Amino acid sequence: MAATSIDMSTTATGELLTADGRPLKESLQRSLRRRKLTALALVAPAVVFLFVLFGMPVIYLMTWSVDDTQVNNALPRTFAAYQQWDGEELPSEPLYEAMFKDVAEASGIQIGRASTRMNYAKSKWKSLMKKTKRQVKALLGTDPDFAGPYKEALIGIDKRWEDISFWHSLGIMKDPYTLGYYLNSFDLQYGFGKEVVQQPENRRIYKTLWMRTLMISVIVTLACLALGYPVAHLLATLPLRYSNLLMICVLMPFWTSLLVRIVAWMIMLQQEGVINDTLVWLRLVGDESRWQMMYNFTGTIIVMTQILLPFMILPVYSVMKGISPAYMKAAQNLGAPPAIAFLRVYVPQSLPGVGAGVILVFIVAIGYFITPELVGGKDGQMIGNYIAYHLKSSLNWGLASAMGVILLTAILILYWVYDRVVGIDNMKMG
Amino acid sequence: MALPAYYTTGQRVWHRTYVVYCALVLFFLVMPLIAVIPLSFTAAPFLDFTPGMLRLDPEAFSVRWYKLMVGDCSAADVITTVCSDKWKIGAVNSLIIATIATVLATAIGTLAALGLSRSHLAGRRLIMAFLISPLIVPLIITAAGMFLFYAKLKLVASFAGVILAHTVLGLPFVVITVTATLIGFDYSLTRAAQSLGGSPAYNFFKVQLPLIAPGVISGALFAFITSFDEVVIILFLGGAEQLTLPRQMWAGIRQEISPTILAVATVLVVLSILLLTTVELLRRRSERLRGLTPA
């Protein structure tokens, strides 16, 4: 700023003063502070809004993945008395008394939640707790002053109270926090001494599921690369008139509702669908041996590839657009055959776009839920489907949350890589 | 396409293969969407091309599925499909939810973008990363977190909850597009307005907003389409009342796909083409306004 045009005087110490008599330095600082505050005030509503309605839900989900307070809340006395038990033989009277009183006092809902959780540690807990709650209530109904012996009373209600393994399994749940759901996510669980053991054979499904999720994402990413790279190259090298027209083919699916695209694919892929009809008409396939292309692994792959292809084409295209054709011409002038020139000169320059596209497609693919749910059938299900299942159907929220946190962590790591490779700010929306 | 005269036969063959391959990929991208359109005009209640349609017999075509879509049940005579005005209700609900969510997201997002574009803000990168994080976190995780947390706020199975959740999803798009538009913004214009005595609000609406309008509108369009197409969140947060178009489609796909869904799909495809055109025109206008003529 030109100081000469502004009427300025100086103080005795030689400091510059503004027109209203303040030192210039102070005045500038004030205005800078005000601008900082304005910027902050502009950003604040969005940050607060997003924190409350998005940040807190995600954090809350994380707490669910380690939370183990349901049993503690319902059975406080039991866990206090549990500390005294040596675990060698059947517990003595005080522990049975604590359990009896806890069951008597806890509400039906509390017992319901706790017993669901207890059932994850050892099956049959749920029925045992429900039966006990019912019978204890009946017992206290006929004899309100019942004061023991509690051990006999509980064993009288159900023989399982004599089974020491039930008591042992309580030890897994005595802390308010657990990593059990994370173990479950990888087909592991706590043994009764809190040692990590494998799940029983018939319950091991999650390792396969993670592997399948990874495999689907990798196959879809590679398919998108194989299909998308040449198209991006064509779009980047064609004259603008043609490429704009072809670009519509890429952008139209990108802009169309996900469900519409899935419906469209169902029409193509079903047994009586367009593709099978065409194949039968061309006599490539017999009418009775139509291909099963939907409700399985293949269906998930085909549909996800088409849906995610624009995410590959767009970043690769935008990088290729910046590669001058002069390099290829120079390489060929210097005697390189076209294939060598392409591989050694063009491809390396397009790699940043390829990196961006690959990471973007992979990240989006790994968290997919809708597509596998609708066209995946049984062997096309991904981790997202199981998160939804445990959240809505089996109500094992801890396990759903743990799987969600693992998935989120993987994605954040990939995004960090993405940020290092291309920078989040360069994200293109088409 | 004319190939250079010096190309060898091998190069010609290779080049043709490459063009055909690209054409096939582009075909793969648009073919399913194109196939939906004629099928939605079928007269038969099946989801494949009937022999009549292939012969272009006018008898084989009808608009009865469109009538069913808008709740005109006179077209439902011979069909087993239940006729209801659920599609209409869904469309109206979707429009209401998407409109309110878009207005909210655009207002909050534009303010944030204005703040972010000033260099005085400490931790700009961090704030930006946070504001676009709903795009990064998979929808299923966002939906799971909201499902558990919104229950505490009594927002599950309410319009307010769905609208707020959709605002969250739309916000990053507005922030991204408006920040991008502001990169080329000439701040001497607002300084000039300020020195001429306009109040900050007046200057914003009369000077700055018209110039960044293309970015704001295309951000708003992204936010709108995101909410209008959103299906994961609504499955978790929506109650019986919050029947949106995608949710009705989801239900339709899961139960039985009738050609009514194809009619809806066709309408949505046409809508997306219109939106795509609008955004493209806005982008060109924005580049012109910023003095970046398209190459």
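I take a residue as exposed if 12 or fewer other C-beta atoms lie within 10 Å of its own, and as buried if 20 or more do. With that cut-off in hand I looked up Leu196(B), which has 9 C-beta neighbours inside 10 Å and therefore counts as exposed. I located Leu196(B) in the loop between α9 (188-195) and α10 of chain B. I also checked its distance to Ser94(B), 102 residues away along the chain, and found the two C-alpha atoms separated by 44 Å.

**Confidence**

I note early that this is a predicted model. For the complex I read an ipTM of 0.86 and a pTM of 0.85 from the predictor. For chain B I found a mean pLDDT of 85, with 94% of its residues reaching 70 or more.

**Chain A, overall**

I counted 19 helices and four strands in chain A. I then compared its radius of gyration, 33 Å, with the 22 Å that the globule rule gives for 430 residues, and since the value is well over the rule, I take chain A to be more spread out than a compact globule. I recorded a span of about 100 × 95 × 40 Å for its C-alpha trace along the principal axes. Of the 430 residues in chain A, I have 38% as buried, and among its contacts with a separation of 6 or more, 66% are between residues 24 or more positions apart.

I wrote down the division of chain A into domain 1 (23-57), domain 2 (71-176) and domain 3 (206-426). Between the centres of domain 1 and domain 2 of chain A, taken over C-alpha atoms, I have 55 Å.

**Cores**

Which residues touch the most other members of the largest nonpolar core? I found them to be Val263(A), Leu308(A) and Val361(A), in a core of 165 residues. Helix α14 (residues 297-320) of chain A gives the most to this core, with 15 residues, and I noted that domain 1 (23-57) and domain 3 (206-426) of chain A each supply at least three residues. I followed Val361(A) further and, leaving aside residues up to four places away in sequence, found that it touches Val220(A), Thr221(A), Cys224(A), Leu308(A), Phe311(A) and Met312(A). Apart from the largest core I found another, of 28 residues, which includes Ala81(A), Leu95(A), Ile111(A) and Tyr150(A).

**Chain B, overall**

I counted 13 helices and zero strands in chain B. Its radius of gyration is 24 Å, where I would have near 19 Å for a compact globule of 295 residues. I recorded a span of about 75 × 70 × 35 Å for the C-alpha trace of chain B along its principal axes. Of its 295 residues, 43% count as buried, and among contacts between residues at least 6 apart in sequence, I have 71% joining residues at least 24 apart.

**Between the chains**

I found 69 residues of chain B in contact with 69 residues of chain A. On the side of chain B that touches chain A, helix α1 (residues 9-39) of chain B gives the most, with 14 residues, and I sorted the residues of that side into 59 nonpolar, seven polar and three charged.

I then turned to helix α12 (residues 245-255) of chain B, where I have Leu245(B), Pro246(B), Arg247(B), Gln248(B), Met249(B), Trp250(B) and Gly252(B) as buried. What covers these buried residues, as I traced it, includes α12 (258-269) of chain A, together with α4 (86-116), α10 (200-229), α11 (232-237) and α13 (259-289) of chain B.

**Single residues**

I noted a positive phi of about 60° at Tyr295(A), although this residue is not a glycine. Tyr295(A) is placed in the loop between α13 (274-281) and α14 of chain A, and because it has 19 C-beta neighbours inside 10 Å, I count it as partly exposed.

In chain B I found a positive phi near 60° at Lys154(B), again in a residue other than glycine. Lys154(B) is in the loop between α7 (139-152) and α8 (159-183) of chain B, and with 10 C-beta neighbours inside 10 Å it counts as exposed.

Is Gly156(A) buried or exposed? I counted 12 C-beta neighbours inside 10 Å, so Gly156(A) counts as exposed. I found Gly156(A) in helix α7 (residues 150-157) of chain A, and its C-alpha atom is separated by 10.0 Å from that of Thr132(A), 24 residues apart along the chain.

Conventions: Residues are numbered from 1 along each chain as its sequence is written. Chains are lettered from A and ligands numbered from 1 in the order in which they are written. This is a predicted model: local features need pLDDT of at least 70, side-chain atom pairs count only at pLDDT 80 or more; totals for chains, interfaces and linings use all residues. Helices (H or I, at least four residues) and strands (E, at least two) are DSSP runs, numbered from the N terminus. The radius of gyration is taken over C-alpha atoms; the globule rule is 2.2 Å times the number of residues to the power 0.38. Two residues are in contact if their C-beta atoms, placed from the backbone, lie within 7 Å. Ala, Val, Leu, Ile, Met, Phe, Trp, Tyr, Cys and Pro count as nonpolar, Asp, Glu, Lys and Arg as charged, and the others, Gly among them, as polar. A nonpolar core is a set of buried Ala, Val, Leu, Ile, Met, Phe, Trp, Tyr and Cys residues joined through C-beta atoms within 7 Å. Domain bounds come from an automatic or database domain assignment. pLDDT is the predictor's confidence in each residue, from 0 to 100.
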